[in-house]
Amino acid sequence: MAIVGHKNQSVDLASVGIKNATNQFWNLTPEELIEETIKRGQGVLNDTGALAVDTGEFTGRSPKDKFIVEDSITKESVDWASNFNQPITPEVFDGLYNKITAHLAGKDIFVRDCVACAHESYKLKVRVVTENPWSSMFAGNMFLRPNRDEIAGFEHDWLIIQAPSFHADGAKDGIRQHNFTLLNFTKKVIIIGGSAYTGEIKKGIFGVLNFVLPHDRKVLSMHCSANQGKAGDVALFFGLSGTGKTTLSADPNRPLIGDDEHGWDSDSVFNFEGGCYAKTIDLSAEKEPDIFRAIRHGAILENIEFIGDTRTVDYHSKAKTENTRVSYPINFIENALPVSKGGEPQNIFFLTYDAFGVLPPISKLTVGQAMYFFLSGFTSKVAGTEVGVLEPQTTFSACFGAAFLPLHPADYAKLLGEKLNEKSHINVWLLNTGYVGGAYGTGKRMSLPHTRALITAALSGKLNNVKYTTHPVFGISVPESCDGIPSEILDPRNTWADKAAYDTKANELAIQFNKNFEKYASQASDEIKAAAPKVEVKVV
């Protein structure tokens with residue numbers, strides 16, 4: 001067996017059950033991993049020098065095949081009622097762990113030592129063992145990268161083993177089918193089998209931090225982007241796919257802290273990651289210049305197509321998936337902070353794509369309303385976003401990331417409320433990046449320049465002293481004016497030609513909110529319950 005690269009010489013993978021590997025490649029440089037990938041026929045370079053690979057059968061996460069070991073640590077803490085938290089026994093985990101480690105015998109394996117959390121108090125040392133060199137490169141891109149001295153003495157807190165070529169025997173092994181992601185909080189191990197989709201590695205550690213930080217350290221873990229102004233003021237942007245989270249947090253005047261996963265302790269916001277994993281479908285230099293420029297040597301493109309016989313990426317192609325992606329270190333973004341950490345937030349934006357044209361372009365939330373909308377995690381899908389979606393559909397994802405939350409969503413909302421009550425100067429804004437003047441098909445999409453202007457006004461404090469009106473159904477505070485913004489678009493009802501139709505649609509959306517909230521009501525505080533929208537009863 002050959003050992004190549006840089007490792008702690010006292011470490012032996014046999015201690016974690018991985019024996020007789022043909023070669024062990026430890027902490028190779030991106031260049032070395034690119035060479036290994038190309039040599040093995042697993043990828044090619046595009047015309048900007050980025051590595052292009054295919055993840056095979058799975059081009060996205062498989063939430064139905066993620067399981068958490070139910071034991072003394074998780075039994076009373078994990079929200080087992082969630083569709084995303086499925087229990088397995090320790091025996092099922094051990095059986096698959098023994099099989100996947102035995103499967104790696106006689107194979108080349110790649111080991112990456114890395115760190116999660118850009119805050120000294122919460123750093124999590126992660127060792128990632130993979131079959132494919134580009135998967136190891138992905139881990140190096142996405143997590144924080146220790147220096148040579150730190151690697152020499154590296155002892156991991158968590159171990160990830162990913163073996164795409166290992167297929168489970170479904171029901172016989174105690175799971176659903178041949179692929180799986182299993183989290184064991186007692187042994188501090190994640191095993192991933194049957195899938196080469198690298199997002200399982202990234203979100204596996206996010207799930208770990210979403211349990212450990214709020215549960216053990218009282219740190220709010222968040223699925224959001226974050227940036228910081230020149231005065232040190234931090235802004236958070238929560239939002240589901242398609243709401244503009246990445247686009248709106250990219251600001252040449254506000255350096256980026258991170259684009260996806262963060263923690264918030266008593267006085268700071270810090271990135272969990274050392275890289276970005278951005279969607280590339282319909283990417284262009286005009287729409288997303290920072291991401292477009294980041295696709296260069298050292299970046300990894302997943303599941304893209306080239307234009308004809310060229311090595312130029314066809315970013316409009318959905319031939320393999322709509323979920324085409326690029327992974328790159330965060331320092332590929334020119335405006336990123338050198339250390340992905342800032343102070344406490346002064347402004348928080350909940351982004352929603354309201355295809356029904358009901359919610360205002362911007363509104364201010366009370367603490368109770370902030371917790372309510374945080375728990376709701378509302379956006380909407382429109383025709384063309386998914387197969388079978390013909391009319392706008394409401395979508396709710398608790399805390400803007402329900403799939404990644406081991407604890408009950410109310411636990412995260414409670415932490416948010418505590419922080420907002422402790423720091424009365426923090427503003428929370430609901431920002432509608434969807435439709436005005438009518439629902440999808442009748443109205444029009446909110447202007448991006450107007451949305452940016454509203455964010456700028458909020459960040460600069462220009463919305464602190466304007467007059468507000470209260471929305472009759474949702475109870476949120478709507479500004480009556482904003483510099484540079486036509487006042488008539490601030491009140492969504494004013495933009496509808498048929499005011500009665502607006503009232504009807506607002507009630508319909510409120511009913512959807514209230515129906516969704518029923519599953520949280522038993523654990524929600526009175527303050528949260530009081531923030532629910534009030535359906536107007538029409539007297540005929």
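The exercises below, each with a worked solution, concern a predicted model of a single protein chain.

**Exercise 1.** Work out whether the radius of gyration of the chain agrees or disagrees with that of a compact globule.

*Solution.* Begin with the chain length of 540 residues, for which a compact globule would have a radius of gyration near 24 Å. Then take the value for the chain itself, which is 24 Å and therefore agrees with that expectation. To add the outline, note that the C-alpha atoms fill a box of roughly 80 × 55 × 45 Å along the principal axes. Finally, turn to the interior and the surface: buried residues make up 59% of the 540 residues, while the chain exposes about 21700 Å², of which carbon and sulfur atoms supply 51%.

**Exercise 2.** Describe the secondary structure of the chain and how its contacts are spread along the sequence.

*Solution.* The secondary structure comes to twelve helices and 31 strands. Next, consider the contacts between residues at least 6 apart in sequence, of which 72% join residues at least 24 apart.

**Exercise 3.** Determine whether aspartate 113 is buried or exposed, and identify the side chain with which its own side chain makes a polar contact.

*Solution.* First locate the residue: aspartate 113 is found in strand β7, which spans residues 108-116. Its relative accessible area is 2%, and because a residue under 20% counts as buried, aspartate 113 is buried. Now look at its surroundings, where, leaving aside neighbours within four places in sequence, aspartate 113 is in contact with residues including Trp26, Asn27, Val126 and Arg127. With arginine 127 there is a polar contact between the two side chains, at 2.6 Å. As a last step, compare positions along the chain and in space: aspartate 113 and histidine 6 are 107 residues apart in sequence, yet their C-alpha atoms are separated by 9.8 Å.

**Exercise 4.** For histidine 119, find the loop that holds it and the residues in contact with it beyond its sequence neighbours.

*Solution.* Histidine 119 is found in the loop between β7 and β8, the latter strand covering 124-130. With a relative accessible area of 11%, histidine 119 is buried. Leaving aside neighbours within four places in sequence, its contacts are Asp265, Ser268, Phe270 and Lys341.

**Exercise 5.** Examine the phi values of cysteine 399 and phenylalanine 400.

*Solution.* Start from the general expectation that most residues other than glycine have a negative phi. Cysteine 399, however, has a positive phi of about 60°, and phi of phenylalanine 400 is likewise positive, near 60°. Cysteine 399 lies in the loop between β26 (393-396) and α9 (409-422), and phenylalanine 400 also lies in the loop between β26 and α9. Cysteine 399 counts as buried at 4% relative accessibility, as does phenylalanine 400 at 2%.

Key:
Residues are numbered from 1 along each chain as its sequence is written. This is a predicted model: local features need pLDDT of at least 70, side-chain atom pairs count only at pLDDT 80 or more; totals for chains, interfaces and linings use all residues. Side-chain values use heavy atoms; hydrogens and water are left out. Helices (H or I, at least four residues) and strands (E, at least two) are DSSP runs, numbered from the N terminus. The radius of gyration is taken over C-alpha atoms; the globule rule is 2.2 Å times the number of residues to the power 0.38. Buried means under 20% relative accessible area, exposed over 50%, partly exposed in between (1.4 Å probe, protein chains only). Contact means heavy atoms within 4.5 Å. Accessible areas come from the Shrake-Rupley method with a 1.4 Å probe; for residues, only the protein chains shown count as cover. A polar contact is a pair of N or O atoms within 3.5 Å; within protein, one must be able to donate a hydrogen and the other to accept it, and residues adjacent in sequence count only if both atoms are side-chain atoms.
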